[in-house]
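Colleague: Hi, have you got a few minutes to go through this one with me? Please put it up on the screen first.

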Amino acid sequence: MILALRWRQCEPAIVTRWRPQRRAAAMPPRPAETALAVLIGPPGQDSLDAMELVLEAAEAIGGHRVCYVGSDDLARLADPSTAAALRPAGVSLGAAMAGASVQIQGGGMIRELGWSWAPGPVYLAAGGTLSQTPPMSGAIYQVGVSAGPQRMRIIPLLIAQLN
């Protein structure tokens with residue numbers, strides 16, 4: 001299994017905003033140099049853009065398909081009719097054959113010139129595809145929101161579990 005997380009360098013101005021706060025008298029204060037900086041990108045960029053995984057594909061995965069990580073730590077296509085729809089890892093950035101590496105983006109902005117989204121949510125559909133029509137059975141899982149005809153901001157959200 002190949003697992004690679006990309007981290008971006010923290011912007012100093014953001015790190016200084018995350019200084020620890022004073023604790024009650026029963027708790028000793030943390031050292032002043034302690035700071036929290038998670039997935040913070042360069043100024044002007046979405047910090048969630050850094051949320052990418054590289055996994056081995058368990059099956060053939062097309063580009064821009066919703067994937068989840070199976071119990072065998074391999075990338076698989078998500079489907080609203082299975083329990084895997086409740087835990088997708090993100091959207092594949094390119095196609096991959098079984099056994100090859102696939103890059104998966106779990107947050108931030110994604111662009112595909114072949115898309116023509118209308119304003120509104122984008123849902124997980126059969127076979128890991130993306131659709132603006134929610135499924136009639138299984139899970140209604142919002143993968144993101146269109147940010148223009150050829151762009152989508154990945155904002156994962158389980159809306160409902162249908163029977």
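Modeller: Sure, and a word on terms before we start: when I say contact, I mean heavy atoms within 4.5 Å. Also keep in mind that this is a predicted model.

Colleague: Good. What is Ser-131 in contact with, leaving aside its neighbours within four places in sequence?

Modeller: With that filter, Ser-131 is in contact with Trp-117, Val-122, Tyr-123 and Ala-125.

Colleague: And which strand is Ser-131 found in?

Modeller: Ser-131 belongs to strand E8. Its side chain also reaches the backbone nitrogen of Thr-133, at 3.0 Å.

Colleague: Which strand does E8 pair with, and over how many bridges?

Modeller: E8 pairs with strand E7, residues 121–124, in the antiparallel sense over 2 bridges. Across that pairing, Leu-130 in E8 stands opposite Leu-124.

Colleague: Zooming out, what is the strand order in that sheet?

Modeller: The order is E6-E10-E9-E7-E8, so to read it off: 5 strands in an open sheet, with antiparallel pairing.

Colleague: Which strands stand at the edges?

Modeller: Those are E6, residues 108–111, and E8, residues 130–131. Each has a single partner strand, so one side of each is left without a neighbour in the sheet.

Colleague: Remind me, through what do strands of a sheet pair?

Modeller: Through backbone hydrogen bonds, in either a parallel or an antiparallel way.

Colleague: Back to the tryptophan you mentioned. How many aromatic pairs does the structure hold?

Modeller: There is 1 aromatic pair in the structure. Trp-115 and Trp-117 form it, 5.4 Å centre to centre with 45° between the planes, and that makes the pair tilted.

Colleague: Are those two rings' residues, Trp-115 and Trp-117, buried or exposed?

Modeller: Trp-115 is buried, because its relative accessible area is 13% and buried means under 20%. Trp-117 counts as buried too, at 13% relative accessibility.

Colleague: Let's change topic. Which strands does E2 pair with?

Modeller: Strand E2 pairs with E4, residues 88–92, in the antiparallel sense over 3 bridges. E2 is also joined by 3 bridges to E3, residues 75–77, and those two run antiparallel as well.

Colleague: What are the bridge partners of Cys-67 in E4 and E3?

Modeller: In E4 the partner of Cys-67 is Gly-90, while in E3 Cys-67 is bridged to Leu-77.

Colleague: How many residues lie between E2 and E3 in the hairpin?

Modeller: There are 5 residues between them, and Asp-73 in that turn has a positive phi of about 65°.

Colleague: How about Val-69, where is that found?

Modeller: Val-69 is in strand E2, which covers residues 66–69. Val-69 counts as partly exposed, at 27% relative accessibility.

Colleague: What does Val-69 touch, not counting residues up to four places away in sequence?

Modeller: Val-69 touches Leu-55, Leu-74, Arg-87 and Ala-89 on that basis. As for Ala-57, 12 residues apart from Val-69 along the chain, the C-alpha atoms of the two are separated by 9.3 Å.

Colleague: Last one: how many salt bridges does the structure hold?

Modeller: The structure holds 1. In that salt bridge the side chains of Asp-72 and Arg-76 meet, with 2.6 Å from N to O.

Colleague: Are Asp-72 and Arg-76 buried or partly exposed?

Modeller: Asp-72 is partly exposed at 36% relative accessibility, and Arg-76 is partly exposed with a relative accessible area of 26%.

Methods: Residues numbered from 1 in each chain as written. Predicted model: local features only at pLDDT ≥ 70, side-chain atom pairs only at ≥ 80, totals over all residues. Heavy atoms only, no water. Salt bridge = Lys/Arg side-chain N within 4 Å of Asp/Glu carboxyl O. Buried < 20%, exposed > 50% of the residue type's maximum accessible area, 1.4 Å probe, protein only. Pairing = 2+ DSSP bridges. Helix = DSSP H or I, 4+ residues; strand = E, 2+ residues; numbered from the N terminus. Polar contact = N/O pair within 3.5 Å; in protein donor to acceptor, adjacent residues only side chain to side chain. Phe/Tyr/Trp six-rings, centres within 6.5 Å; stacked < 30°, edge-to-face > 60°.
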